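Colleague: I have the file open and want to go through it with you. Can we start with the surface?

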Amino acid sequence: IDAYYQQHKAQYKLPAQVKVSYVHLTPQHVRQSVQLTEQQLKDYYQANRPSMRKAERWKVLQIKLTADSTDAAAKAKTLEKIVQLRAKILEGRAKFDILAKQYDASAAPSWVTAQDVSVAAITALKGLSKGEMSAPIALADGYVMYKLIAHQAALQQTFAQVRQQIRQQLVNARVSEELQQDSDQLANLSYTNPDGLAPVSKALH
């Protein structure tokens with residue numbers, strides 16, 4: 001028997017086993033414990049009113065022509081072409097919307113702000129009335145014309161309009177802060193209680 005065991009003892013080895021204890025920290029657990037007062041939300045709103053302001057914006061349809069290359073001759077040719085298109089529209093021989101689709105099949109009205117387009121474009125848009133078309137505006141790679149569909153002035157959002165957004169921001173910030181604190185506390189308690197996590201779990205809950 002001993003000889004058989006010696007020849008086949010690999011078959012009788014048990015895999016190594018490790019007993020593990022762990023403490024699970026979840027954002028959901030922390031989120032449920034966050035309590036915010038109405039005054040805290042209002043104080044945040046007052047302190048951050050500028051960021052609660054909706055920027056002025058314009059709804060536009062564009063015709064964009066891209067030059068074949070970056071040299072001056074190619075850009076001049078592109079400018080001449082877009083000027084001709086503008087003349088056709090002004091003379092009633094073409095429609096802006098149809099030409100926009102012709103040069104970009106996916107063309108559709110979209111909202112833009114000063115963050116989205118050049119200073120020259122914003123200057124042009126500020127001078128347009130609804131339905132009017134801008135002069136050609138130079139781009140790095142060509143020229144663009146805009147047709148103004150709609151305009152919305154800058155607007156200060158009320159507390160009621162942004163209350164839920166503010167609450168979500170504050171909750172997220174509190175969750176992140178408390179999770180970091182719990183993580184640091186977990187590390188410290190685990191070091192001072194090497195024999196088990198029961199004291200750690202009790203301290204964190």
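Modeller: This is a predicted model. The protein exposes about 14,400 Å², and carbon and sulfur atoms supply 52% of that area.

Colleague: What share of the residues is buried?

Modeller: Of the 205 residues in the protein, 26% are buried.

Colleague: And the secondary structure, how many helices and strands?

Modeller: Eight helices and six strands. Read from the N terminus, the order is α-α-α-β-β-α-α-β-α-β-β-β-α-α.

Colleague: What part of the contacts is long-range, say between residues at least 24 apart?

Modeller: Counting contacts between residues at least 6 apart in sequence, 72% join residues at least 24 apart.

Colleague: Switching to charges. How many salt bridges do you get?

Modeller: The count is five. I can take you through some of them.

Colleague: Go ahead. What does E56 pair with?

Modeller: E56 pairs with K126, with 3.0 Å from N to O. E56 is in the loop between β1 (53-54) and β2 (57-66), while K126 belongs to helix α6 (residues 119-126), and the two are 70 residues apart.

Colleague: Are those two side chains buried or exposed?

Modeller: E56 is partly exposed at 24% relative accessible area. K126 is exposed, with 51%. The cut-off for exposed is over 50%, so K126 passes it with its 51%.

Colleague: Next one. Which residue does K64 bridge to?

Modeller: D141, where the closest N and O atoms are 3.9 Å apart. K64 sits in strand β2 and D141 in the loop between β4 (137-138) and β5 (142-152), so this bridge ties together parts 77 residues apart in sequence.

Colleague: 3.9 Å? Why does that still count as a salt bridge?

Modeller: The pair counts because the rule asks for a Lys or Arg side-chain nitrogen within 4 Å of an Asp or Glu carboxyl oxygen, and the closest atoms here are 3.9 Å apart.

Colleague: How accessible are K64 and D141?

Modeller: Both come out as partly exposed, K64 at 35% and D141 at 34%.

Colleague: What about D97, what is its partner?

Modeller: D97 forms a salt bridge with K147, the closest N and O atoms being 2.9 Å apart. D97 is in helix α5 (residues 96-103) and K147 in strand β5, 50 residues apart.

Colleague: Is K147 buried or exposed?

Modeller: K147 is buried, at 19% relative accessible area. The limit for buried is under 20%, so the 19% of K147 falls within it. D97 is partly exposed at 37%.

Colleague: What else does K147 touch?

Modeller: Leaving aside neighbours within four places in sequence, K147 is in contact with K59, V60, L61, F96, D97, G131, E132 and M133. The side chains of K147 and D97 also register as a polar contact, at 2.9 Å.

Colleague: Back to the helix that carries D97. Which residues of α5 are buried?

Modeller: F96, L99 and A100. Viewed down the axis of α5, the buried residues fall within an arc of 105°, so they line one face of the helix.

Colleague: Why would that spacing put residues on one side?

Modeller: An α-helix has 3.6 residues a turn, so residues three or four places apart point the same way.

Colleague: Which residues are exposed on the other side of α5?

Modeller: I98 and Q102.

Colleague: And what covers the buried residues of α5?

Modeller: The cover includes β2, α4 (72-90) and β5. Strand β5 is also where K147 lies.

Key: Residues are numbered from 1 along each chain as its sequence is written. This is a predicted model: local features need pLDDT of at least 70, side-chain atom pairs count only at pLDDT 80 or more; totals for chains, interfaces and linings use all residues. Side-chain values use heavy atoms; hydrogens and water are left out. Helices (H or I, at least four residues) and strands (E, at least two) are DSSP runs, numbered from the N terminus. Buried means under 20% relative accessible area, exposed over 50%, partly exposed in between (1.4 Å probe, protein chains only). A polar contact is a pair of N or O atoms within 3.5 Å; within protein, one must be able to donate a hydrogen and the other to accept it, and residues adjacent in sequence count only if both atoms are side-chain atoms. Contact means heavy atoms within 4.5 Å. The arc is that of the directions from the helix axis to the C-beta atoms. Accessible areas come from the Shrake-Rupley method with a 1.4 Å probe; for residues, only the protein chains shown count as cover.
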